[in-house]
Structure formats: C-alpha cells, structure tokens
Protein chains: 2
Amino acid sequence: MALGKEDWILEAALAIGRGGTAAVAVEPLAKRLGTTKGSFYWHFANRDALIAATLDAWENEYTEGPIAQVAQIEEPRERIARLLEVVMEDDREGQADVGLLASAHDPLVAPVFARVQSRRFAFLEECFGDLGFTPAVARHRARLAYGAFLAWFEQRRVHPDRPPSRRELRAYQRETIALLTRGS
Amino acid sequence: MALGKEDWILEAALAIGRGGTAAVAVEPLAKRLGTTKGSFYWHFANRDALIAATLDAWENEYTEGPIAQVAQIEEPRERIARLLEVVMEDDREGQADVGLLASAHDPLVAPVFARVQSRRFAFLEECFGDLGFTPAVARHRARLAYGAFLAWFEQRRVHPDRPPSRRELRAYQRETIALLTRGS
DNA sequence: ACCTGAACACCGTTCAAGT
DNA sequence: ACCTGAACACCGTTCAAGT
C-alpha cells in the first residue's frame, strides 16, 4: 500500500529520538518501512527536506503546547511553577528536546532551535516581568529558569541508570521557584 | 614529512568545534593535512579511535584545568564565583563544550561527557556543602549553578549575532551567585 | 500518482605494494 | 616506520522504466 509523507516523518522522529539527526538515514528508514530508497525521493527532495519537515512537526507540537497550557494562569509565580512542572514531567517531551540538543550544531536544527528557545526565553521573561522585576533582572531570572530545566535533563541523560525520584524532582522545582522569585 | 597522531587529533578537535563529531571525516581531514586516507589508518585503528583520542585530550585540558584553578580558594562563595567566571570567560572553552554538546548522543561522547559532568557537579556540590547547606539543598544549588552555565552558552550559540556585553555577563554572574548562595 | 532497480558519488576501511 | 593507491562496502541521490 502507498505510503505518505507522514509515515516517513514519524519514522524520522523516532530515529532522531534515538540518535539525533545523524540517525536519520534514508536506506535504513526505507527498510524499516518495507520500501525502497527510490520511494523516498518521490515524497521528499532529499534527506534534509525530511529532517526539516520532522523538525517542523516537533516545533508545532512540543513548543507551543506547554506554553499554551499555562499561559492563562493569572498568578505569574504559579504560571512559572506550572510551566516547570509541565515541561519536566513528561519524559517524552524531555527526550525530544534532548534528542535535538544532540544535533544542535546541525545547520538544519539550529534555526528551529533558535526559534523555540527564543520563544521560551521570551515567555519566561514576561512571567518574571509580571512579578515586578526590572527587565534586566527578569532576563537573568528567565535564563536561570531555563538553565534549571537544561541541567535537570542533562543530568538525566548522563546518568540514565539512576533517575532521580519524584520527590527529588518536586524538591528541586520547589527550591528553584523559591530562589528565582525571591525579591518579587 | 611524517605526521604524528597529534596532528590528526588537533585537526579533529577543530572539526568537532565546527560541527560536532559528525564533522570528523577522514578523507577531508587527510586533504586538509595534505596526505591520504591510508596514512590515517597507520596511526589509528579507525575513525572512532581518532574521536576517542580527541575527547581524551579535551577531557584532560578543559575539565581539570578550570577546577584546579579555583580549588585552592578558601572561601566557598568566592570559589564558586571564580569558577563561573573562569568557565564563562573563555570563548574557546565554551565552544569546545558546546561543540561536544552537539554530539552528546554519540556513543563515543556520552561516557566522556558523563565523567566530565559528574566531576563538575561533584565539585559544585562540595562548594555548596562547604557553605553549610544540607546535602539535598547543595545538590539543587549545584544543579542550578550548572544550569546557569548551560543556559548562558545555549543563548550565545543560538544568537551568535547579538553576543551579550561584558557588563551583562558580569551582572548575570553576580545575580546568579547572590541568589544561589542565599541562605548560607 | 507512486514505486522499483540500477547507476553513480562520497566516505570509511582494508591491504598489498612502495620508500 | 610510515605512506600511497586501488579496491570494496555503505548510504545519498538520480532517473529511466514499471504499475
């Protein structure tokens, strides 16, 4: 039966999760889908186009999603806290991010990543601004909040053998919020 | 004239800085060095061995270096502050890190990165412990400090067009230290 | 419209032969 | 001891030919 672009994109997303963009190889993907390389080139101009399409899908699903979930919360402190929870809760979300971090240098990935990160920074900056911090301070706190997120996943990625407990996650989030909103 | 392993390692390090391990390709490297692929295989078993050797050199130079530079500072708060400065000051250091972050998924890179990060976390934890925090709190603060470092370079990498000023860096460091050592 | 299969380029790897 | 050059495998890409 005929395949569609989506089938290739789905398979590529799995590959990226496993090993970054380097793991997106047309021939193995074709084998996995039970078809040939020639078929692939009917749907996509080349390998880069497949990766671009996959990143596009990721950007839509995973970035706006979490932000939209918390954007309507009135209290800024609560909004930040919920965002941290949402974003650190879901393992798949984290791994999608981390799989892409692994390919951050890839010229295809860089611009997408830049957009996503800018969006996240901007949202966090706004939240801290709503707490009454000056723009400069809000920027620093937003950066620290984003770093709190990065460091958490870095540690998970590097020590997959000993995943921190749910309690540890809660304590870390609590302390992060407490510290970063101090002075508001 | 005869080349040595070091010549290949140096060239490989440059390539990693440019585009992660994916940029380490034997044939182009050979061309750059004015020799042939065959020559490469006299010095190294294969491409992986070259990358491993390059990572080894990086681990020795760039990880122990900064820590050693600050380890003998008495005052823990000062020690942390200096470490942040040292590690964020030098652009080349940051880019070596970031170049490798780009290949974090690479099975060759993962274990080296794990060691380096463990070492850094442990050192930071110790510093915060010396400030009198309980182990759990020290762990959280160490993670946040490491995140402060990661987020800084992430932002630089993503927006190479508008690098933050020296003043911004100073202000960010000052505020990070102030926040993370609060309560000691 | 969608796919196959053969072809070619590029890079990793091997190895016999050179100095 | 160190290097060359030819060979082969693997994957990206093209394309004429099939359904």
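**Where two protein copies meet a DNA strand**

Let's start at the DNA: a polar atom in the side chain of A:Thr35 sits 2.8 Å from a phosphate oxygen of DNA strand C. Keep in mind that this is a predicted model.

A:Thr35 isn't on its own here. The side chain of A:Trp42 also has an N or O atom 3.3 Å from a phosphate oxygen of DNA strand C. Chain B joins in too, but with its backbone: a polar backbone atom of B:Val26 is 2.8 Å from a phosphate oxygen of the strand.

Now zoom out a little. There are 17 residues around DNA strand C, and the ones that come nearest are A:Thr35, A:Thr36, B:Val26, B:Glu27 and B:Tyr41. What part of the strand do the protein's neighbours belong to? Of the atoms of DNA strand C that come within 4 Å of the protein, 64% are sugar and phosphate.

Which helices help build this surface? In chain A, look at α3 (37–43); in chain B, look at α2 (26–33) and α3 (37–43), since each of these supplies at least two residues. The largest share, 4 residues, comes from α3(A). Sorted by class, the surface near DNA strand C has 8 nonpolar, 6 polar and 3 charged residues.

Finally, how do the two chains fit together? Turn chain B by 180°, with a shift of 0.0 Å along the axis, and it can be laid on chain A with an RMSD of 0.1 Å. So the two copies are related as by a two-fold rotation axis. In chain B, B:Gly147 has the C-alpha nearest that axis, 1.9 Å away. Both copies use the same surface, as 98% of the contact residues of chain B recur in chain A.

Note on methods:
Residues are numbered from 1 along each chain as its sequence is written. Chains are lettered from A and ligands numbered from 1 in the order in which they are written. This is a predicted model: local features need pLDDT of at least 70, side-chain atom pairs count only at pLDDT 80 or more; totals for chains, interfaces and linings use all residues. Side-chain values use heavy atoms; hydrogens and water are left out. Copies are superposed by least squares on the C-alpha atoms of residues with pLDDT of at least 70 in both. Contact means heavy atoms within 4.5 Å. A residue is near a molecule or strand if one of its heavy atoms lies within 4 Å of it. A polar contact is a pair of N or O atoms within 3.5 Å; within protein, one must be able to donate a hydrogen and the other to accept it, and residues adjacent in sequence count only if both atoms are side-chain atoms. Ala, Val, Leu, Ile, Met, Phe, Trp, Tyr, Cys and Pro count as nonpolar, Asp, Glu, Lys and Arg as charged, and the others, Gly among them, as polar.
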